Number of protein chains: 2
Amino acid sequence: MTHVPHPAPRELTPEQARAAFRGGLKAPTSGYSAGWTQANLLCLPRAEAYDFLLFAQRNPRSCPVLDVTEPGEASASIFAGDLRTDLPGYRVYRDGELAEERTEVTGVWREDLVSFLIGCSFTFEAALLEAGVPVRHIEAGSNVPMYRTNRACRPAGALAGPLVVSMRPVPADQVATAVRVTSRYPAVHGAPVHVGAPGELGIDDLDVPDFGDRVEVAPGEVPVFWACGVTPQAAVMHSRPSFAIGHAPGHMAITDARDSGFQVP
Amino acid sequence: MTHVPHPAPRELTPEQARAAFRGGLKAPTSGYSAGWTQANLLCLPRAEAYDFLLFAQRNPRSCPVLDVTEPGEASASIFAGDLRTDLPGYRVYRDGELAEERTEVTGVWREDLVSFLIGCSFTFEAALLEAGVPVRHIEAGSNVPMYRTNRACRPAGALAGPLVVSMRPVPADQVATAVRVTSRYPAVHGAPVHVGAPGELGIDDLDVPDFGDRVEVAPGEVPVFWACGVTPQAAVMHSRPSFAIGHAPGHMAITDARDSGFQVP
């Protein structure tokens, strides 16, 4: 299956979306299954799991943990599907190197893998749109641009690495609204970590993201940066655990949790 | 030192309060060091640390982790004092049994102990008072009443146990305000888990708390229940790890973090 299925992506239930991805559809999931929470995935051997859980505790903006499986389990309390097949894309790392990109990982699965589901900023995009804040990469039908920054995460055990951010251009008169709206979702990255001045984050050229797609920043718009759930994969690349699996950036796990459940207060 | 020092407890800096406790003062810390965050303490051997960190992730209302030390470390990023001496009271558990209550734990300290600092509902009490909601145990100068409930926490590895709640009587016309105010502090237990109907939580007699002191519930007041950071110690008693140290209930770690830092959005 290579075409976007009917009904429209935003109308798909999580179960339908997962079935489409399991069937081979490969697409960024922004805009899919409106109202249902999407999550970043990181699978690590049990021996590395404490370091990662502590890394997440110490870097809650970029690594808000929504769920953790038992070793070897392929489902999670918020994900009734199969984590090995039901995402549209995966990245497999060996010794921190991207070894391959796959559409399923049953062939490389290990019984000692602990899977972490981590909040994704796609959750607050519906709230941004509802508040009248445009979301450029949705308008463009592309993947959100993501950048490695010069900010180090707080390390934990063997894990260290840079903060990765996602970027959305926001009209200057709506920046405050974007901050206010996303602040209400701390479990899915929350408020921006940086507004404007990409050079201060070590981003030399907004047109060349490290992950995802370039988007247009129009005159009068400000690039706004949110902590990104690709940060764990950047830590994997930096710290080189023997084995890890992540989602392909932008190609998320569509869970059975509702976005509204992560809104505070 | 056995008397409450000058200046008044609420005026003490965290450093001054910790020095007083280190000097031997034993007192519940509610009302101490206004504006500074108080925390529950649990110290477990490194071998048990993953299970606890996962337990906390799965029970975020009762176990919001604010900080985690490296094994053997006696200070934390939000606690510049000595975790072994600077709390007013400790409980030492062996095989899940309360073995002793002490005012310092240097004599039983182990180099493999990981210390967890866990959010405490004392943080939102100042906000309740500011909003005009009375806090009975502060008025009475006593410890907050805490109860084991019939609600099981979600287990993790070897750790399981009941939810423990703290109770504050709130005038019926201010219950909504109490919910609204405390909802803004999810990292320190957040909104109540239960309003009224203590029998539904398995609490037969509000006058007989499992921890802390009885307080008066006046006519027209409703008992309101928040998840409590003694829950980890209840899990220790239920699951019987070989060794653990906790704070004495109500006798918290006074940290160098500001309460305002935990307010959202």
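Helix H6 (residues 231-239) of chain A lies across S6, S7 and S9 of chain A and runs at about 145 degrees to S7(A). Helices here are DSSP runs of H or I with at least four residues, strands are E runs of at least two, and both are numbered from the N terminus. The angles run from 0 to 180 degrees between N-to-C directions, with axes fitted to C-alpha atoms and, for helices, over the stretch in contact. This is a predicted model, in which local features need pLDDT of at least 70 and side-chain atom pairs count only at pLDDT 80 or more, while totals for chains, interfaces and linings use all residues. Residues are numbered from 1 along each chain as its sequence is written, and chains are lettered from A and ligands numbered from 1 in the order in which they are written.

The sheet under that helix in chain A is an open one of 4 strands, ordered S6-S7-S9-S8 with antiparallel pairing. Strand S6 (146-152) and strand S8 (194-195) of chain A sit at the edges with a single partner strand each, so one side of each has no neighbour in the sheet. Pairing of two strands calls for at least two bridges between them in DSSP. Strand S7 (residues 162-171) and strand S9 (residues 221-227) of chain A share 7 bridges in the antiparallel sense, and Ser166(A) has Trp226(A) as its bridge partner in S9(A). H5(A) also packs on this sheet, touching S7, S8 and S9 of chain A, and its direction makes about 15 degrees with that of S9(A). Contact between two residues means that their C-beta atoms, placed from the backbone, lie within 7 Å.

Strand S7 of chain A also holds Pro169(A). This proline has 19 C-beta neighbours inside 10 Å, so Pro169(A) counts as partly exposed. On this scale a residue is buried with 20 or more other C-beta atoms (placed from the backbone) within 10 Å of its own, exposed with 12 or fewer, and partly exposed in between. Leaving aside neighbours within four places in sequence, the contacts of Pro169(A) include Arg136(A), Val215(A), Val217(A) and Val222(A). The C-alpha atoms of Pro169(A) and Val222(A) are 5.4 Å apart, although 53 residues separate the two along the chain.

Elsewhere in chain A, strand S3 (residues 90-94) and S4(A) pair in the antiparallel sense over 5 bridges, with Tyr90(A) opposite Arg102(A). The two strands make a hairpin with 2 residues between them, and Asp95(A) in the turn has a positive phi of about 50 degrees. S4(A) (residues 97-102) is hardly covered: 0 of its 6 residues are buried.

Chain B has its own open sheet of 4 strands in the order S6-S7-S9-S8, again with antiparallel pairing. Its edge strands are S6 (146-152) and S8 (194-195) of chain B, each pairing on one side only. Strand S7 (residues 162-171) and strand S9 (residues 221-227) of chain B are joined over 7 bridges, and Arg168(B) is matched with Val224(B) in S9(B). Helix H5 (residues 175-183) of chain B lies across S7, S8 and S9, at about 15 degrees to S9(B). Helix H6 (residues 231-239) of chain B lies across S6, S7 and S9, at about 145 degrees to S7(B). With 7 of its 9 residues buried, H6(B) is largely enclosed by the rest of the structure; among the buried ones are Thr231(B), Gln233(B), Val236(B) and Ser239(B). Just after H6(B), Arg240(B) takes a positive phi of about 60 degrees.

Now for the core. The largest nonpolar core has 146 residues, and Val165(A) and Val165(B) touch the most other members. Domain 1 (9-121 + 240-260) and domain 2 (123-227) of chain B both give residues to this core, so it lies between them. Such a core is a set of buried Ala, Val, Leu, Ile, Met, Phe, Trp, Tyr and Cys residues joined through C-beta atoms within 7 Å, and the domain bounds come from an automatic or database domain assignment. Not counting residues up to four places away in sequence, Val165(A) touches several residues, including Met146(A), Tyr147(A), Leu201(A), Phe225(A) and Trp226(A).

As for the two chains, a rotation of 180 degrees with 0.0 Å of shift along its axis puts chain A on chain B (RMSD 0.0 Å). That is the relation of a two-fold axis. The C-alpha of Tyr50(A) is the nearest to the axis in chain A, at 2.6 Å. The superposition is by least squares on the C-alpha atoms of residues with pLDDT of at least 70 in both copies. The contact takes 14 residues from chain A and 12 residues from chain B, and H2(A) gives the largest share of the chain A side, 5 residues.
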